[in-house]
Amino acid sequence: MSLAAAPLLEVRDLEVRYWEAGVWAKRAFTAVEGVSFKLGAGESLGLVGESGSGKTSIARALLRLIPSSGQVLFQGRDLLALDARELRAAREHLQIVFQDPLAALDPRMTVAELVGEPLLEFRPASQRERQEQVARMLELVGLGDELLGRFPHQLSGGQAQRVGLARALILRPQLLICDEPVASLDVSIKSQISNLLRDMREQLHLALLFIAHDLATVRFLCDRVMVLYLGQVMETATRTALYGAPRHPYTRALLAANPVPDPDIPQAALAAIGEMPTGADLSRGCVYRYRCPLAVERCAQETPVLRPVGQSLVACHRADE
Amino acid sequence: MSASPPMLLQARSLTVGYQSAGRELLALDAVDLDLAEHECLGVVGESGSGKSQLLLALLGLSGGAARIAGSIRYRGEELVGAGTERLAALRGRRIAMVFQHALSALNPHLNLGTQLMEGARYHLHLGRRAARARASELLATVQISDVARRLRQYPHELSGGMRQRVLIAMALMCDPEVLLLDEPTTALDVTVQAQVLQLLRTLRERTGVASIFVTHDLAALAPMADRIAVMYAGRIVEQAPVRDLYAMPGHPYTAGLLRSLPRLDTPIPERLPAIPGQPPDLAALPTGCAFAPRCPLVFEPCAERPALRERGTAHQAACHLDGAAARKIREAWP
């Protein structure tokens, strides 16, 4: 295999644990367990799941914002093994856009400073060159230069998210991680930002790791989708396969729960969406079994592993029935 | 017809103004609204549209800095200018609110039992035992299991969906006639959101409680509301029965909102339909139609602010384009 064929990002057996304070001792809580995936240059992968599914932990672990174990091979190098200096250098090509755009921007910096800051860190240039690049970047994300002198609190939610995106893209990274970038935006602005992300992906040949709980946006932006539940992968498939022929009962429940914006179509019955009981035993068996309408005895005994079913990779004993 | 009983809840020219930098901003601008018995009225709008301000005003909770004008009548009784005691007697008893952020609406220091029972003890003068029985009954109604243990738990011990259901149970404690729902599903996962919506539908069938359901998500209202009011920049710009609104929007803004709803049942578009620009800044509203700067159908008359006019049965829209342009409006967006 030539080097060019290696994926841009390869994650192997990623595990994230948090320590909770207990009464007598600290207890470990596993947020992400055994997650592996590949992402090629220019590809886009959607991570979906409910809160607590581990999708944000994965994003943070990839950037080493939180400790994790496993391997994160980016351009062939394991990010988890790099020292501080090497890591800093690697982050030049690996950027993130956060959910809450206002919280992610330093309130004391102007738009020009915010968007130009990554250049100061990584690409020293004259002030004039920097200003030109910042202006070009703002234009690319659809902002006028009248915003250059503004502070974050003077921006609307949509504008702030565009600034966040400009700041992430100004170094022309190869991989952009987006953690729920449109979740907190108004309906009319949501579509604008989704369209912008799609344009940026095409124009800058970006690989995109897109984290969302909104299945419609993921369908619009991502070539492949990975469905997570309680830190484990339930199903991975191409967009067509996942939305056309979902295999995992959890994927089906997520799709059925999506509201149909039409008063003439009755909402699907929701018997399938159970609730996790307290004291559930997650140490073995399928983690979804407590909510699963198809669960049988075997699901409590044996943990299902990801296996090919149809066009998908599915972790379910009953996926091919 | 003159003998018909007064509306359950009725607002006329309801206006809420706040002072900002030396001038007055109208968070609500002359809003007229009717709510009949057992009815569910959906209110949609983006941030700054005034939808949450509307609910606060109905409960007399706009705050001391607000200037309130117009009228709010509950079964014919005027509430604007009513004394605090009268309002306190109505709040939670006849008109109850479910807030968006369940975690900040619940007191972290008190267990759920105490919080659930508080309203019933105050309004209905129930004893501890009777109030506890009522609380248990309602927790079961909102499909929370293991009730006895839940009553002793604190808000942080529950999941988000469960907290939201506790808030709904709490609002129902005194068997109110009107539920005011402020984005009750926005902060929830889709699966939990679907459950809460289904619960609200069941409750309505069972108890007949009327509601005003405020949200930015038109999709959530489709299976819930009888009528929908669309708000923009502090005003109602369209109001119609839910089917008419979806089938024949009378305002380009409504048409745009409908177009930009994310759907899974249509082919993947090349681009998502979007409304350009951003929700208006109340401090810098244009003199004419507030939506004109973003409207694809803008023409000369829009320099003047359009009034809310009849479009059909129980259907009104504030747009200079009239009923004859219905098709044009529906197809306004690419």
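This briefing covers the contact between two chains and a sheet in chain B. The model is predicted: local features need pLDDT of at least 70 and side-chain atom pairs count only at pLDDT 80 or more, while totals for chains, interfaces and linings use all residues. Residues are numbered from 1 along each chain as its sequence is written, and chains are lettered from A and ligands numbered from 1 in the order in which they are written.

**Contact between the chains**

- Chain A and chain B each bring 34 residues to the contact, where two residues are in contact if their C-beta atoms, placed from the backbone, lie within 7 Å.
- On the chain B side, at least two residues come from each of α8 (190-207), α9 (218-221), α10 (242-247) and α11 (252-259).
- The most, 5 residues, come from α8(B).
- Helices (H or I, at least four residues) and strands (E, at least two) are DSSP runs, numbered from the N terminus.
- The side of chain B that touches chain A has 19 nonpolar (Ala, Val, Leu, Ile, Met, Phe, Trp, Tyr, Cys and Pro), 6 charged (Asp, Glu, Lys and Arg) and 9 polar residues (the others, Gly among them).

**The sheet in chain B**

- An open sheet of 8 strands has the order β6-β7-β8-β3-β9-β10-β12-β11, with mixed pairing; two strands pair if DSSP finds at least two bridges between them.
- β6 (95-98) and β11 (309-312) of chain B are at the edges with a single partner strand each, so one side of each has no neighbour in the sheet.
- From one strand to the next, the twist averages 25°.

**Around β9 and β10**

- β9 (residues 227-232) and β10 (residues 235-241) of chain B run antiparallel and are joined by 6 bridges.
- B:Met231 has B:Ile236 in β10(B) as its bridge partner.
- α11(B) lies across β3 (40-44), β9 and β10 of chain B, at about 105° to β9(B); axes are lines fitted to C-alpha atoms, for helices over the stretch in contact, and angles run from 0 to 180 degrees between N-to-C directions.
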